[in-house]
Each structure stands twice: as structure tokens, then as C-alpha cells.
Amino acid sequence: MGTYIIRRVLQFIPVFIGVTLLLFALKAIVPGDPVRMIIGEGRQPSQAVLEQIIENNHLDRPLPEQYLYYMNDLLHGDLGSSYQKNRPVLDIFVDKFPYTVRLALCAIAVEIVIGLAAGIISAIKRYSFLDILTTLATSVLVSMPVFWFGLMLQIFFGIAIKDWTGGALSLPISGAGGPVSNYPTFLHYILPAVTLAAVSLAYTARIMRSQLLEVMNADYIRTAFAKGLSKGAVIVKHALKNAMIPVVTFIGIDFSTMLGGAILTETVFSWPGIGREIYLAITQRDWPIVLGGVILIVVIVMVINLLVDISYALLDPRIRYSKRTD
Amino acid sequence: MLPWAKKRAERIEKAADAAARAANAGKTRTLWGDALKRLSKNKLAIIGFAWIIVMVLIALSADLWVPQNFGDPTFIDTGNVAAISWQPPSLEHPFGTDRVGRDILSRTIYGARVSLLVGICATGFALIVGLIMGALAGYFGGLVDAIIMRVTDIFMAFPYTLFAIALLAVLGPSLMNVILAIGILAWTSIARVLRSTILSVKENDYISAARALGASNLRIIVRHVLPNSIASVVVYATMAIGSAILSEAALSFLGLGVQPPTPSWGMMISDGQAVIATAPWMAFFPGAACLLTVLSFTLMGDGLRDALDVKVTD
């Protein structure tokens, strides 16, 4: 177990260097002069100020050296400052991250409840009407443009229902609440969370169904039936425990993806999370935010995936004792 | 004969018959022949396939049969904008009209061109790169495998949408660059799918036999390994076209895809977002067209997977 963790952590290093190099290369070839972006449009600073900016950002250095400067700052926990907002990048993400985390938690809750229930029911009642309905519904969900689904939810729950009921019973269609909102804050989470969860819950249901069907053919399930256990007891105590493992892995990895920001969902719902922040920074060519944000996300995703794999090995002795060949 | 015995005899006869047919079938038909037969029994996959054909035909022939003021997607009647703009769906304009009176149906039809073009070209690009990389990694193993797999790790460590956006910010938004950006992101999965299949195919005796006969590496890969591992790639690529179409829609929605006046579904949905309260048809129809098209590729991919009996995991 220990060597496994160490090996996985060591595998981070080349990936991490590759990601930062790639980002740095993108930054280098992107059109636009960073000095111009730092001073802002239309201003004409003195020569001394210009030189100061170039000096502070190491812009007079060759690219490989700039990269080393950046990595050095990065390893000291300094992600640099935004060109346009005049704030440290880390501060900006500390502000935005809680919104992304809360939205991801709500979406994961939706995913677990609906996805698992649909998957289990369609596996137990295989080829029933409910099973066919679930299969069709999951196909539709994975084929849908997420942002379009969000808009349709807004049209229905935010606007149409409001019109029909004369203002009551509708859901807010944008933002994360706040002093000017007419709705209590928790209502703001419902539509974005459902939108964000839509595709994932379809996959969760599909994986749950196929895993449960596979496990139900195992010898130990036949043994459990032979012992005279009821179908419910066999499914809950024997089948689900084993079928859940890949599902839990999927949900864990999915959670890390959601923490990486849901640009489309956040854009449709004007959600003040990190995905939207990075997207806006890309369109405004504010590269410190882009670099810092993507690096943060990559690290978060890698750490969570590692935790998922470790907990996986802890929970399932078969994995712990088998030799890994990846 | 007693009724139960008769029934039993019938059952045995039927089973024997089926077994004979199965044995016979195994002798005469090929993997792809079998797959085609199974696929033709899958109604959903057939419906999906039919829809794709219809979409392709409509997209290709739009210039020929769509009436004039429907056919010109950039059509703006500047004299009379107020009268023709924001019309809800009607017989004349089944999908309604937009801010400047353009017909949403004709724009949706022309949007299909962009979507299908991007879906097919980006997947084609990813297939070429992915097949070469996957074949090299799977067949040679060792250092080649390690390097290629680390490269795919780096690509996969990136948040997908963010990476596509960053690439387009660098390359500039255009049809060609959208295809490139999606293709660059998609090849890694194809390479991984092919690699893992090749790893198991490579262990077969006929590969050792070919090597013992003195076949070159290239010949073994092209003649023996690829034909036996391609099924999973075919299934994966079918689904990849669907996700490439979704990615294109997402990028256009964010304003990074093809630029106006060329209509694309994502951009039309984005135009409709501002007016969902007053003109919901603007966002609804292009999105529905996108959903149906991607759904067709998903259903066909599912059907192919079942028909070819492959497991797609990466």
C-alpha cells in the first residue's frame, strides 16, 4: 500500500511538469502584449514604470528562464497577480472556490440519489417498462447539450411556471443568491445542481445497472440464494456491496471534475464559480488567472483521484492483495 | 405419446436445430457479417442510423430545395425587420424567426452542416493520430508505450472544456481551429482504447506464427493486429462523433466556434439565451436538433457495441 501511494505521487511529477509546460507554451504563442494588458487600454505610463513592469514580470528574460521563475514562485505558493484585476490570483480563487464546491456537492447529491436508484431499479426489474425507460432516459441525458438543458429548465421552472401560477412556485434562474435576490439562497442551487448532475447521473445509473447485473451472476450470489435468503437481503447485503465499488470510483472522479469548475453550467446560470472565472480570464487574455486556475484544478483533480484509488484499495481487500499491473 | 413427453421431444428437437444452425452460422459468417445481422435487429440503432442519414442528406442538399428566403441563412429583409422579427412558430416559419426576421428552421438546417462537418472531421483527425499512437504503444510496449501513455496522461489531466477554450483562444475562433482543438483532445481516448485491445490481441498464437514466418512489424500490425482490434475503435469512434458535435456546440455557445453569419447550433442557443422569456423557440429548436443528432450517434454506438460484442472502457 505504501509503495503504491508513493509510486502514484511520483507519477504526478511528469504530468505536472507537462501540464505547466503546455500552459506556458500556450501563453507564449497567444497574441497580445502582456505589458499592454497590465497597464490597461489607452494609458500611457512613463518609461520608468514600463521598465518596472517588465522587470517585475521577468518579461525581458528568455522563455525557458521565465518558466523557471514561474515554477519557482509556484512552488512557494505564489500564483502571481491578475493582469487586469490587480489582485493575487490565489485570493481570487479563494473567493470563488466555495461557490464551486457547494454547487458540486449539491450536484453529487442529486447524482447519487437519482442515479443509484434508477440503476438499481432497472437492474432488479430487468427488461421491465421501468428498465427500458431508464435506458432511454440515460441515452437522452448523455446526448444533450448541458447548457441547452439548463436553459430549458430555466424556461420551464423559472418562467413558464411563474406565469401559470402568477409568480408563486417558480425557481430562480441565475446567480447564487445574495441580498438582492427574491428567493431564499438554497433555491438558487436547485436548477444549476440538476443541470450539472444530468449527464453524470445518467452514467451513474448505467454503471450501477451493468455492475449489479454482472454481480448477480456470481457464484456467491447463488450461494446466498441457496442459503435461503430473501431476494432483498441478497441484493442489499451481498450484491450491492460488490457492485458499488466501480460506481463509487466513478462518482469520486466525477466529483473532482465538478470541482474543476463547470464552465457551461456556471455560464448559463451566471454562477460565480472558478470555471466561469477562468473562462472569462481566457477571453480577456488574463493569463496569470488561466495558468493559476488550471494548475489548481489539475492538482485538485489528481489528489482526489488518488484518494479515490486509495480508499478503493482500503475498502476492497481483493485489490489490496492483488498485484497491480498498470 | 404422453403430452409432457411430446413437449419434451419438441423442445429437444428445437434445441438441436438451434445448435445446428448456430454451428453452421459460425462456419459461414464473418464477425462483421454477424454484427450486421445483430445490428439490423436493434430497432433503436436503426432509427438512429436513419436519422443520421436524413440529417446528412438534408445538410448536403439544403441549397437545392430550401425555398429562397429560407435558403439564404444570412437573409435579412432590412426594409421590414419590425414586421418579421420575433415571430413564434407558425406554418410559414415552423421554428419561428429571430431578431432580424431570419427563419430558425433554415438556420437550424444550415447549422447541421457545421455540426456534422466538425463531428466527422474532428473524429477523423483523432482517429488518425489515435490509431498510430495506440498501435505503437500497444504493439511495442516498453519505453514507447510509457512515453505515449504519459503524454495521454498530461492531456487527460487537463479539464477538457478549459483546454479546448484555451486552445481556441490561442488559435483564434474558426471552423478549422474548432476541428483541430476537438481532434487534439479526442485522440488520447482512442489511443488508449486501441492500446488496451492490442495488449490482449498481441498474446494470440497467430501473432507468434506470423512473426515466426518472418513478417515485419508493420505487416503484423496492419495485417494481423489492427483487423482484430478495430471493433472497439469503431464503437468508440461512433460515440466520439456524438461528443465532438456536443463539444462544437459548447464552444460555439461560448462564442469560440464558427463566427457569424455562418449559423451553428451552439451559437443559435447562445443567441436565444438572452430572450428565453420572450422567444423560447430560438434556443429550443437548435438544441433539440443537436440532441436528436447526438442521440442517434449514441444509439448507433450502443447498437454497434452490442452487435460487435466489445467492451468499451478506457
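**Exercise 1. Backbone and exposure in two loops**

Task: Determine whether Y127(A) is buried or exposed, and state where Y127(A) lies in chain A.

Solution.
Step 1. The relative accessible area of Y127(A) is 60%. Exposed means over 50%, so Y127(A) is exposed. The model under study is a predicted one.
Step 2. Y127(A) belongs to the loop that lies between α5 (89-124) and α6 (129-142) of chain A.
Step 3. Most residues other than glycine have a negative phi. Y127(A), however, has a positive phi, near 65°.
Step 4. A second residue may be treated in like manner. S270(A), a residue other than glycine, also has a positive phi, near 45°. S270(A) is located in the loop between α11 (263-268) and α12 (274-283) of chain A, and its relative accessibility of 39% makes it partly exposed.

**Exercise 2. Aromatic pairs**

Task: State how many aromatic pairs are counted over all chains, and describe the geometry of the pair F156(A) and F157(A).

Solution.
Step 1. The count over all chains is 13 aromatic pairs.
Step 2. In the pair F156(A) and F157(A), the centres are 4.9 Å apart and the planes make an angle of 85°. Planes over 60 degrees apart count as edge-to-face, therefore this pair is edge-to-face.
Step 3. Both residues are partly exposed: F156(A) has a relative accessible area of 38%, and F157(A) has one of 30%.
Step 4. In chain B, F284(B) and F285(B) form an edge-to-face pair, with 5.1 Å from centre to centre and 80° between the planes. F284(B) is partly exposed, at 35%. Together with W148(A) and F95(B), the residues F284(B) and F285(B) make up one aromatic cluster.

**Exercise 3. The cavity**

Task: Find how many cavities of 30 Å³ or more the whole structure holds, and identify which residues line the largest cavity.

Solution.
Step 1. A search of the whole structure yields one cavity of 30 Å³ or more. The volume of the largest cavity is about 50 Å³.
Step 2. Its lining consists of L23(A), L26(A), I282(A), V290(A), V294(A), F158(B), P159(B), L162(B), F163(B) and A166(B).
Step 3. The elements that contribute two or more residues to this lining are α1 (2-29) and α13 (287-315) of chain A and α8 (160-171) of chain B. The greatest contribution, three residues, comes from α8(B).
Step 4. Sorted by class, the lining contains ten nonpolar residues, no polar residues and no charged residues.

**Exercise 4. Salt bridges**

Task: Explain what the salt bridge between K96(A) and E277(A) ties together, and examine further salt bridges in both chains.

Solution.
Step 1. Over all chains, ten salt bridges are counted. In one of them, the side chains of K96(A) and E277(A) meet at 3.6 Å, N to O.
Step 2. K96(A) is in helix α5 and E277(A) in helix α12 of chain A, so the pair ties together parts 181 residues apart in sequence.
Step 3. K96(A) is partly exposed, at 22%, whereas E277(A) is buried, at 5%.
Step 4. R222(A) and D219(A) form a salt bridge with closest N and O atoms 3.4 Å apart. Both lie in helix α9 (residues 219-226) of chain A, three residues apart, about one turn of the helix. Both residues are exposed.
Step 5. D153(B) and R192(B) form a salt bridge, the closest N and O atoms being 2.5 Å apart. This pair links helix α7 (residues 142-157) to helix α9 (residues 175-201) of chain B, across 39 residues.
Step 6. Finally, R206(A), D302(B), R305(B) and D306(B) are joined in a network of salt bridges.

Terms used:
Residues are numbered from 1 along each chain as its sequence is written. Chains are lettered from A and ligands numbered from 1 in the order in which they are written. This is a predicted model: local features need pLDDT of at least 70, side-chain atom pairs count only at pLDDT 80 or more; totals for chains, interfaces and linings use all residues. Side-chain values use heavy atoms; hydrogens and water are left out. Helices (H or I, at least four residues) and strands (E, at least two) are DSSP runs, numbered from the N terminus. Buried means under 20% relative accessible area, exposed over 50%, partly exposed in between (1.4 Å probe, protein chains only). Rings of Phe, Tyr and Trp (its six-membered ring) pair if their centres lie within 6.5 Å; planes under 30 degrees apart count as stacked, over 60 as edge-to-face and the rest as tilted. On a 1 Å grid over the protein atoms alone, a cavity is a set of points where a 1.4 Å probe fits but cannot get out, and a pocket is an open set with protein on both sides within 12 Å along at least five of seven lines; lining residues have an atom within 4 Å of a point. Grid points are joined across faces, edges and corners, and a volume is the space filled by probe spheres set on the points. Ala, Val, Leu, Ile, Met, Phe, Trp, Tyr, Cys and Pro count as nonpolar, Asp, Glu, Lys and Arg as charged, and the others, Gly among them, as polar. A salt bridge is a side-chain nitrogen of Lys or Arg within 4 Å of a carboxyl oxygen of Asp or Glu.
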